[in-house]
Amino acid sequence: MSADARFRQTAEELGYSFDGEIKIGGNYVPIVRHQNELYISGQIPRVGDTIVVTGRAGADISLAQAQLAAKICAMRALALLRRSLGSLDEVKRLLRMNLYVQCAENFTQQSEVADGASEVLFFVLGDAGAHTRSSIGVYQLPKNATVELDLIAAI
């Protein structure tokens with residue numbers, strides 16, 4: 001099965017479409033290519049015009065909801081790669097993922113939240129989805145999003 005087919009399968013399992021416009025809000029570009037690397041700007045769990053998961057993990061949001069937010073962010077980043085490259089099969093390797101979790105002060109499961117995104121990236125891209133990562137707890141994220149994710153990919 002191709003990476004694009006696994007992408008479509010994951011979108012169906014999540015119950016969201018990632019075929020529409022990936023909106024950005026500001027004076028930046030969502031993806032930059034430098035030589036054989038693609039840098040994907042931070043993605044929040046937005047589908048269409050709706051931020052699907054908002055609030056603080058460990059206070060307003062459960063671990064499972066935060067993991068869903070991370071999966072949606074990963075799918076948005078993959079959708080940008082797919083549009084830029086024509087096919088996700090062109091990704092040779094994910095190099096780095098940074099995941100930020102808006103969380104309560106006593107929440108310590110940032111890495112478990114990141115596991116949601118890593119699961120999607122490994123499933124969709126196979127061996128090319130293996131990546132280094134950081135998972136970081138923060139006080140606030142744009143639009144009250146629970147999670148924000150950025151990626152660096154090699155092509």
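Two strands count as paired here if DSSP finds at least two bridges between them, and with that cut-off in mind the tour of this predicted model can start at a pair of strands.

**First stop: the hairpin**

Select strand 1 and strand 2, which pair in the antiparallel sense over four bridges and form a hairpin with two residues between them. Within the turn, pick out Gln 35, whose phi is positive at about 55°. On either side of this turn you can follow individual bridges: His 34 has Glu 37 of strand 2 as its bridge partner, and Val 32 is partnered in strand 2 by Tyr 39.

**Second stop: across to strand 7**

Keep strand 2 (residues 37–43) selected and add strand 7 (residues 147–154), to which strand 2 is joined by five bridges in an antiparallel arrangement. Here Leu 38 has Ala 153 of strand 7 as its bridge partner, while the partner of Ile 40 in strand 7 is Leu 151.

**Third stop: the whole sheet**

Now widen the selection to the five strands of the open sheet, which lie in the order 1-2-7-5-6 with mixed pairing. The edges are strand 1 (31–34) and strand 6 (132–138), each of which pairs on one side only. From one strand to the next, the twist averages 10°.

**Fourth stop: helices on the sheet**

Show helix 2 (residues 63–85), which packs on the sheet and touches strand 1, strand 2, strand 5 (93–102) and strand 7; the direction of helix 2 makes about 35° with that of strand 7. Then add helix 3 (residues 110–125), which also packs on the sheet, in this case touching strand 5, strand 6 and strand 7, and whose direction makes about 150° with that of strand 5.

**Fifth stop: helix 1 against helix 2**

With helix 2 still displayed, select helix 1 (residues 3–14); the axes of helix 1 and helix 2 come within 11 Å and cross at roughly 145°, and the crossing is left-handed. To see the contact itself, show the side chains of Asp 4, Phe 7, Arg 8, Thr 10, Ala 11 and Leu 14 in helix 1, which meet Leu 68, Lys 71, Met 75, Leu 78, Ala 79 and Arg 82 in helix 2. By class, this contact of helix 1 with helix 2 has seven nonpolar, one polar and four charged residues.

**Last stop: the largest pocket**

Finally, turn to the largest pocket, in which about 170 Å³ of space lies. To outline this pocket, select Lys 23, Ile 24, Gly 25, Tyr 28, Gly 42, Gln 43, Ile 44, Arg 46, Arg 76, Pro 142, Lys 143 and Glu 148, which line it. Coloured by class, the lining of the largest pocket shows four nonpolar, three polar and five charged residues.

Definitions and conventions
Residues are numbered from 1 along each chain as its sequence is written. This is a predicted model: local features need pLDDT of at least 70, side-chain atom pairs count only at pLDDT 80 or more; totals for chains, interfaces and linings use all residues. Side-chain values use heavy atoms; hydrogens and water are left out. Axes are lines fitted to C-alpha atoms, for helices over the stretch in contact, and angles run from 0 to 180 degrees between N-to-C directions. Contact means heavy atoms within 4.5 Å. On a 1 Å grid over the protein atoms alone, a cavity is a set of points where a 1.4 Å probe fits but cannot get out, and a pocket is an open set with protein on both sides within 12 Å along at least five of seven lines; lining residues have an atom within 4 Å of a point. Grid points are joined across faces, edges and corners, and a volume is the space filled by probe spheres set on the points. Ala, Val, Leu, Ile, Met, Phe, Trp, Tyr, Cys and Pro count as nonpolar, Asp, Glu, Lys and Arg as charged, and the others, Gly among them, as polar. A crossing is left-handed if the near helix is turned anticlockwise from the far one by less than a right angle, and right-handed if clockwise.
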